[in-house]
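Subject: The structure I promised you

Hi,

Here is the structure we talked about, with my notes underneath. Have a look at it first, then read on.

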Amino acid sequence: MIRFQAAINGATVDWEVEPHEFLTEVLRRHGLIGTKRGCESGHCGACAVLIDGREVNSCILLAAQASGHEIITVEGVKGEAGRPHPIQEAFVDSGAVQCGFCTPGMVIGTKALLDENSAPSVNDAQKMLAGHLCRCTGYVKCVDAVLDSANRLKAKEGKAQ
Amino acid sequence: MTVEKDEKWDTGQDSMEEYDRFKVVNRSPRRVDALKLSQGRGTFTDDQLLPGTLHVKMLWSPHAHARIVAIDTSEAEKMPGVACILHHGNVTRIPHTTAGQGYPEPSPYDTFVFDDRVRYVGDRVCAVAAETAVQAERAVQAIRVDYEVLEPVFDPVAALKEGAVVLHPEADASGIADASRNLASHIAAEVGDVSEAFGRSDLVLERQYSVHYHQQCPIEPHIAITHLDEDDRLVVRVATQVPFHSRRILAQVIEIPISRIRVIKPRIGGGFGVKQEVLVEDIPALVTLRTKRPCRWSYTRSEELISARTRHPQILRMKMGVKKDGTILATEMRVVANTGAYGAHALTVQSCTGGKALPLYRAENYLFEAEVAYTNLPNAGAFRGYGGPQGFFAMESMMDEVAEEIGMDAVKFREMNVLRPGDENPLSVALGEGREGFPQIIRSCGMQECIDKGKEAIGWERRGTFDNSGSKKRGMAMVCLMHGSGIPGIDMASAFLKLNDDGSFNLLVGATDIGTGSDTILSQIAAEELKVSLDDIVIYSSDTDLTPFDTGAYASSTTYISGMSVKKAAAGTVAQLIAAAAKMWETEEEGLFAKEKAIHHPDGRQLSYGDICRSTFYNDNQHQIMDHASHLSYECPPPFSAHFCELEVDVHTGGVKLLKYVAAVDCGVPIHPNACEGQTEGGASISMGWALSEEFLFDKGGAIQNADFGGYKMFSAMDMPDFETILVPTYEPTGPFGAKSVSEIPTDGPAPVIANAIYNAIGIRFRDLPITPEKIWRAWRNKSV
């Protein structure tokens, strides 16, 4: 067993993990079920989390490698005052959620993208989504959701100023 | 059985007025489940694990065809954590089908939990359940198996020939058309006399097409978790499209009564037909019965690709006879299909290949024949579209080829021959679901409007004007499509509604939302009929202990069939509300009506649903206001659609870039237009991958070489064209609020429209899928030489 210490969704955790365990397994074992197992080979993006702000497929990252870092899972993507995050609202209102299995990963990807680039183009959105396989939507409404997320965040910023 | 055209024929045009009065349907509210899913709170099968759960790993066959001489599990049994080992030596042999269809299933009983014979690379050999998945995997590696390797057969045509090695010699299989020649199923249907019609045709064109394997790829792989409840009943949480078929087939194969099984469908991460298969329930169920412990079995992605189900590969020989003026006299389609090692859906998928594609164009003379062969390759089964994508690839490629031969515009040729409202589907009787079908008259049909709107959206007038002098060459094409809505006379759904104190309703349905949005759509239908808002409906789907029967989420049936059962139950509930209100007012029921969550009296008085419920719960005339209803339809109204595609072929690389795609679809009244668009976009993207990039690569021994998402190339967001969906509403009088279906028809279009557009771009006709860059590059090089 290896000691695993990290800040997950703002809370410090101190867990024991097996040396061979990937981060997805460890997160899910501790109840963070929004991180999904889709391929366990780093292709589909259903397991995406943010590590120090960067989007990472947690299914091919050994948990031990994530120790000491700041991790955000979909459960940590929240709006103000207990409300859903604007990205989540945008995915819902765009109709980008069908079975919803890949959605948490896409929400994480969108957050990572918008943290870097607050005004993404269609191509930027498609590039980010290319790391998230979805069999339900054909990605059309997912692209809409990413662009709508950017608009919502911008509008919110405008209001705050 | 005949339908009286004059009496019953109703195109529903009068009902279009009602269209403007809808309050909840034909709107796109937030899906009832979307927010929790976007927050990662939706509970899928794997998201609840009981303490002490055992984990299963399977030893899969490394051989395409072999007899198991001996299995030695002695080392594995001693491994740490191992709790249970299952194989053909210790599991009862029950012939069954894994196809989750109505009973009796029209698929052969040629499958066993374990057999002493393996029939493809990836067939089951031996299962181990252990404390952890890692321990189970280690134990699997310690199992020693002696195989007598048998000759495999991979080519379906060769498999059907006399003298070919026989895959299913076992005496206890049943329902196989002719096991001695590997013929799983056979279909032959003729309407009119095609030979006579070919004889008087000005042109008879014959062409052969072929289509390849395609895997459904739900992002959530197959998974089942079982446990015994406090009454020792077996509880099965499973990613399924068919909870009731799952319960029935599981009871059959593990030999316990249906009453001892409860199947729970939690959130499902996509199905696309592959979860219409009862595939992973049996092993954890047997482990739980033997060990009394919870047990989980989940496929890995590579297991999903190799050992789940796929779209049937087919060779399609087409023959069409036409007059010079473009009148089609006869259409013939002869199919040889490959079902792989087992015959799940062998008969019915192939039946739909002819049944969906052939009748789209009026011909008076039709012939359809299909031979479905066993081979030592992965299993085919149900896949969204269910034979339609194969049939339409051949049919709609053929339409372009014939139009060119007779020098006619391909759109005009289609418009001239396509089915119209009032036409009878000529093949619906001949090609039923494994038995004679029911006559079908087209009541609602927006085909012409789909063509017109699609042409406008894509800029059809630009076709033929592209500057193709460089290496990147543009092309444009279109196809027409039709599908079905449920299986007529077979698919049955039911719903249960009850009123709560605050005027809200619980809606319990057997219909199975697998990501399709049916929980939302059925709630909308209930709310519309009950005259309440969507928030007043609390829907639950589906659990064999709690919800009434529904055949399941397949055959584009949920909106049309399950939706009507909900509408009926809601209408019955409103009648009870009116009766209760009349009693409270001590007045006649006549004249009372429901509006805005209340029963209204013509004199202006009203009683809210909450008032009525509280009164009937606690004060007077005490009873529970509730109703249930079932629905079965002998009609199967086809949705119609036209797909248009503009693309660019780079003849230097063979690459195809899809530029613009337009799907115009008549799905009746769209209950949730945004969801209908989503179904169309998603369904089309699946078949775009099939046409261009998804392919199983086999080695000489029949093993798939690219069983992961790196090697098996689904379409990603970067591959998608600029996509436009156009909903063309019609009012289907037999559907709930005018609805038909929408989920499968978009899968039918991409392969033929892409092939036709590539032909338009570079003048090379590709009749074999997938159309890979390598094939294009080679063909262009050969053409240029």
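Let me start with one residue. B:Asp519 is buried, because 23 other C-beta atoms lie within 10 Å and the cut-off for buried is 20 or more. Bear in mind throughout that this is a predicted model. B:Asp519 sits in helix α14 of chain B, which covers residues 518-530. Setting aside neighbours within four places in sequence, B:Asp519 is in contact with B:Val32, B:Asp33, B:Asp513, B:Ile539 and B:Ser541. B:Ser542 is 23 residues away from B:Asp519 in sequence, and their C-alpha atoms are 10.0 Å apart in space.

Now the overall layout of that chain. The domain assignment splits chain B into domain 1 (45-150 + 222-298), domain 2 (310-487 + 635-784) and domain 3 (492-632). Between domain 1 and domain 3 of chain B, the C-alpha centres are 39 Å apart. These two domains of chain B do touch: 19 residues of domain 1 are in contact with 15 residues of domain 3. On the domain 1 side of that contact, α7 (243-254) and β12 (261-264) of chain B each supply at least two residues. The top contributor there is α7(B), with four residues. By class, the domain 1 side has six nonpolar, nine polar and four charged residues.

Since α7(B) turns up there, I looked at it further. Its 12 residues should span 16 Å at 1.5 Å a residue, and its end C-alpha atoms are indeed 16 Å apart. Is α7(B) enclosed or in the open? Nine of its 12 residues are buried, so α7(B) is largely enclosed by the rest of the structure. Among the buried ones are B:Phe244, B:His245, B:Arg247 and B:Leu250. The buried residues of α7(B) pack against β11 (234-238), β12 and α8 (282-291) of chain B. Just after the helix, B:Glu255 has a positive phi of about 55°.

Another helix worth a click is α11 of chain B (residues 388-405), whose 18 residues should span 26 Å at 1.5 Å a residue; the end C-alpha atoms are 25 Å apart, which agrees. α11(B) is mostly covered, with 14 of its 18 residues buried. B:Gly407 follows α11(B) and has a positive phi, near 65°.

For contrast, try strand β6 of chain B (residues 144-149). None of its six residues is buried, so β6(B) lies largely in the open. It runs antiparallel to strand β2 (residues 66-72) of chain B, and six bridges join the two. In that pairing, B:Ile71 stands opposite B:Val145.

Then there is the core. The largest nonpolar core has 306 residues, and those with the most contacts inside it are B:Val128, B:Leu507, B:Ala526, B:Ile754 and B:Ile758. Helix α15 (residues 558-585) of chain B gives the largest share, 11 residues. Beyond residues up to four places away in sequence, B:Ile754 touches B:Cys645, B:Leu647, B:Ala691, B:Leu692 and B:Ile771.

Last, the contact between the chains. It takes 45 residues from chain B and 42 residues from chain A. On the chain B side, the elements that give two or more residues are α2 (34-38) and α17 (673-692). Of these, α17(B) gives the most, with eight residues. The chain B side has 19 nonpolar, 16 polar and 10 charged residues.

Cheers

How values were computed. Residues are numbered from 1 along each chain as its sequence is written. Chains are lettered from A and ligands numbered from 1 in the order in which they are written. This is a predicted model: local features need pLDDT of at least 70, side-chain atom pairs count only at pLDDT 80 or more; totals for chains, interfaces and linings use all residues. Domain bounds come from an automatic or database domain assignment. Two residues are in contact if their C-beta atoms, placed from the backbone, lie within 7 Å. Ala, Val, Leu, Ile, Met, Phe, Trp, Tyr, Cys and Pro count as nonpolar, Asp, Glu, Lys and Arg as charged, and the others, Gly among them, as polar. A nonpolar core is a set of buried Ala, Val, Leu, Ile, Met, Phe, Trp, Tyr and Cys residues joined through C-beta atoms within 7 Å. Two strands pair if DSSP finds at least two bridges between them. The expected span of a helix is 1.5 Å times one less than its number of residues.
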